[in-house]
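Please look over the sequence and the model shown below before reading on. The report that follows starts with the cysteines and then turns to confidence, the pocket and several individual residues.

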Amino acid sequence: MPGRRLAIFVNGCFWHGHDCPRGSRVPKANRDYWLAKVERNRARDLRNLRALEEAGWRAETVWECETRDTPALIGRLSSLVGDKGETG
């Protein structure tokens, strides 16, 4: 959202190592590979968030598990974009 200088990332809990039950699980097969993969994703996410913030942008992350509570998600997103209920 360039006009608001706002970037919203929607991250999968497993792929980005969220601390929820889905994000905390590690597959039994190729365990070392997956641990390293998720850690690389987390490091990249942190670099990207810092770069955006240094450039004057707000960066927010919505986690996959948060998308299941639609009313809470709508409230959060409305708050982020400054929506006061206007239409159009």
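How many disulfides does the structure hold?

## Cysteines

The structure, which is a predicted model, holds zero disulfides. For C13, the closest cysteine sulfur is that of C20, and the separation of 3.5 Å is too far for a bond, because a disulfide calls for a pair of cysteine sulfur atoms within 2.5 Å. The sulfur of C65 has that of C13 as its closest cysteine sulfur, and here the distance is 3.7 Å, which is again too far for a bond.

The surroundings of C13 and C65 can be described by their accessibility. C13 has a relative accessible area of 1% and is therefore buried, whereas C65, with a relative accessible area of 28%, is partly exposed.

## Confidence of the model

Across the protein chain the pLDDT averages 90, and 93% of the residues score at least 70. Among the elements of the chain, helix α3, which covers residues 31-54, has the highest mean pLDDT, at 96, while the lowest mean, 88, belongs to helix α2, at residues 21-24. As a general caution, where pLDDT is low the predicted coordinates should not be read in detail.

## The largest pocket

The largest pocket has a volume of about 190 Å³. The elements that each give two or more residues to its lining are strand β1 (6-11), helix α3 and strand β2 (58-63), and the largest share, six residues, comes from α3.

Which residues line this pocket? The lining is made up of F9, N11, H16, G17, R42, R44, D45, L46, N48, L49, T61 and W63. In terms of chemistry, the residues of the lining divide into four nonpolar, five polar and three charged.

## Three lining residues: N11, D45 and T61

N11 has its place in strand β1 and counts as buried, at 9% relative accessibility. Leaving aside neighbours within four places in sequence, N11 is in contact with H16, D45, T61, V62, W63 and E64, and several of these partners, including H16, D45, T61 and W63, are themselves named in the lining of the largest pocket. The C-alpha atoms of N11 and T67 are 10 Å apart in space, with their positions 56 residues apart in sequence given as the separation along the chain.

D45 is found in helix α3 and counts as buried, with a relative accessibility of 16%. When neighbours within four places in sequence are left aside, D45 is in contact with N11 and H16. T61, in turn, lies in strand β2 and counts as buried, with 18% relative accessibility. Not counting residues up to four places away in sequence, T61 touches F9, N11, L49, E66 and R76, and among them F9, N11 and L49 also belong to the pocket lining.

## A7 in strand β1

Is A7, which has its place in strand β1, buried or exposed? At 14% relative accessibility, A7 counts as buried. Residues up to four places away in sequence not being counted, A7 touches L52, W57, R58, A59 and E60. One of these partners, R58, is 51 residues apart from A7 along the chain, yet the C-alpha atoms of A7 and R58 are separated by 6.2 Å.

## Backbone angles and the loop between α2 and α3

Most residues other than glycine have a negative phi. Against that background, R5 has a positive phi of about 50° although it is not a glycine. R5 lies in the segment before β1 and is partly exposed, with a relative accessible area of 37%.

N30 likewise has a positive phi, of about 55°, although it is not a glycine. N30 is found in the loop between α2 and α3 and is exposed, with a relative accessible area of 57%. R25 is also found in the loop between α2 and α3, where it counts as partly exposed, at 44% relative accessibility. R25 and L35 are ten residues apart in sequence, and the distance between them, C-alpha to C-alpha, is 9.9 Å.

Notes. Residues numbered from 1 in each chain as written. Predicted model: local features only at pLDDT ≥ 70, side-chain atom pairs only at ≥ 80, totals over all residues. Heavy atoms only, no water. pLDDT = per-residue confidence, 0-100. Helix = DSSP H or I, 4+ residues; strand = E, 2+ residues; numbered from the N terminus. 1 Å grid on protein atoms, 1.4 Å probe; cavity = no way out; pocket = protein on both sides within 12 Å on 5 of 7 lines; lining within 4 Å. Points joined across faces, edges and corners; volume = space filled by probe spheres on them. Nonpolar A, V, L, I, M, F, W, Y, C, P; charged D, E, K, R; others polar. Buried < 20%, exposed > 50% of the residue type's maximum accessible area, 1.4 Å probe, protein only. Contact = heavy atoms within 4.5 Å.
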